[in-house]
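Here's a quick briefing to read alongside the structure. Have the viewer open and click along as you go.

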Amino acid sequence: MARVSNARKRQGAKPAAAADPAAAAKQAGSSVGGRPVRVYADGIFDLFHFGHARAIEQAKKLFPNTYLLVGCCNDELTNRYKGKTVMTQEERYESLRHCKWVDEVIPDAPWVLTQEFIDKHQIDYVAHDALPYADTSGAANDVYDFVKKIGKFKETRRTDGVSTSDLIMRILKDYNQYVMRNLARGYSRKDLGVSYVKEKQLQVNMKINKLRETVKAHQEKVTVLP
């Protein structure tokens, strides 16, 4: 079979696909079409902590010139798909507004991203950790699967040792101590959702603990005497 010349190959070749503007911005290290690279990060951000802040910082620093949009799901969506939050949606929105890495907060963020949402906010990339998060289908599909398939996903890393669930577990583990602490600070049992019997038990425990501390301090003083 006769060979096809390079010239004929070039004539018959399909035109190269247009470069992704965000990818070009990454290579150039600056912006998209003269504007900052628009990166979107989302979450619940309950009990906003430094693990959240570090993830947001990573998203902000993906490009030298980044405009970071942070979406936060409202209470209705969160309660339906994840569970009850400690902070209200307005408290969570406001916490994000006070994070120095955030350029814009998007309230009532969707649980699953769509092309329509990406187009509306001119999102070039979505930043999140790479762990799979369940979507709304109930089939354990990754909520970020669509974004990954279209090449707009950028991975951030979680901070080990801190999460909202960890913080709640610390409180639950030492529940009685925190109730006693707040009773001592003037909160009523009704404020804390504690029964009358439970309140009396905790008050007795508080007195016993104080007595133990007093006896221990006295013993230490006796021990150091010549």
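Asp-108 counts as partly exposed, at 48% relative accessibility. You'll find Asp-108 in the loop between strand 4 and helix 6 (115–120), and its phi is near 50 degrees, a positive value in a residue other than glycine. Keep in mind that this is a predicted model.

**Other positive phi values**

- Leu-47 is not a glycine either, yet it has a positive phi of about 50 degrees.
- Look for Leu-47 in the loop between strand 2 and helix 3; with a relative accessible area of 21%, Leu-47 is partly exposed. Since buried means under 20%, that value puts Leu-47 outside the buried class.
- Gly-186, sitting just after helix 9, takes a positive phi of about 105 degrees.

**The chain overall**

- The secondary structure comes to eleven helices and six strands.
- Of the 226 residues in the chain, 33% are buried.
- Take the contacts with a separation of 6 or more: 68% of them join residues 24 or more positions apart.
- About 15200 Å² of the chain is exposed, and carbon and sulfur atoms supply 52% of that area.

**The largest pocket**

- The largest pocket holds about 960 Å³ of space.
- Its lining is made up of 41 residues. To find the middle, go to Ile-44, His-52, Lys-82, Tyr-133 and Arg-158, which lie nearest the centre of the pocket.
- Two or more lining residues come from each of strand 2 (35–43), helix 3 (50–60), helix 4 (75–81), strand 5 (125–129) and helix 8 (164–173).
- Helix 3 gives the most to this lining, with five residues.
- Sorted by class, the lining has 17 nonpolar, 14 polar and ten charged residues.

**Helix 5: one face in**

- Helix 5 covers residues 89–97, and its buried residues are Arg-92, Tyr-93 and Leu-96.
- Look down the axis of helix 5 and these buried residues fall within an arc of 100 degrees, so they line one face of the helix.
- What do the buried residues of helix 5 pack against? Their partners are helix 3, strand 3 (66–72), helix 4 and strand 4 (104–106).

**Helix 9 and the loop residue Val-194**

- In helix 9 (residues 175–184), Val-179, Met-180, Asn-182 and Leu-183 are buried.
- Seen down the axis of helix 9, these buried residues stay within an arc of 165 degrees, so they too line one face of their helix.
- Turn to the other side of helix 9 and you get Gln-177 and Ala-184, which are exposed.
- Val-194 lies in the loop between helix 10 (189–192) and helix 11 (196–224). Is Val-194 buried or exposed? It's buried, with a relative accessible area of 6%.
- Leaving out residues up to four places away in sequence, Val-194 touches Tyr-175, Val-179, Arg-189 and Glu-199.
- One of those contacts goes to Val-179, which is itself among the buried residues of helix 9. Val-194 and Val-179 are 15 residues apart in sequence, and their C-alpha atoms are 8.5 Å apart in space.

**Lys-154 in strand 6**

- Lys-154 belongs to strand 6 (residues 153–156) and is partly exposed, with a relative accessible area of 23%.
- Which residues does Lys-154 touch, not counting residues up to four places away in sequence? They are Leu-62, Tyr-125, Val-126, Ala-127 and His-128.
- Leu-62 is 92 residues from Lys-154 along the chain, but 8.3 Å separates their C-alpha atoms.

**Ile-150, just before that strand**

- The loop between helix 7 (145–149) and strand 6 is home to Ile-150.
- Ile-150 has a relative accessible area of 35%, which makes it partly exposed.
- Its contacts, not counting residues up to four places away in sequence, are Gln-115 and Ile-118.
- From C-alpha to C-alpha, Ile-150 and Gln-115 are 9.8 Å apart in space, with their positions 35 residues apart in sequence.

Conventions. Residues numbered from 1 in each chain as written. Predicted model: local features only at pLDDT ≥ 70, side-chain atom pairs only at ≥ 80, totals over all residues. Heavy atoms only, no water. 1 Å grid on protein atoms, 1.4 Å probe; cavity = no way out; pocket = protein on both sides within 12 Å on 5 of 7 lines; lining within 4 Å. Points joined across faces, edges and corners; volume = space filled by probe spheres on them. Helix = DSSP H or I, 4+ residues; strand = E, 2+ residues; numbered from the N terminus. Nonpolar A, V, L, I, M, F, W, Y, C, P; charged D, E, K, R; others polar. Buried < 20%, exposed > 50% of the residue type's maximum accessible area, 1.4 Å probe, protein only. Arc of directions from axis to C-beta. Contact = heavy atoms within 4.5 Å. Areas by Shrake-Rupley, 256 points an atom, 1.4 Å probe, with all protein chains shown as cover.
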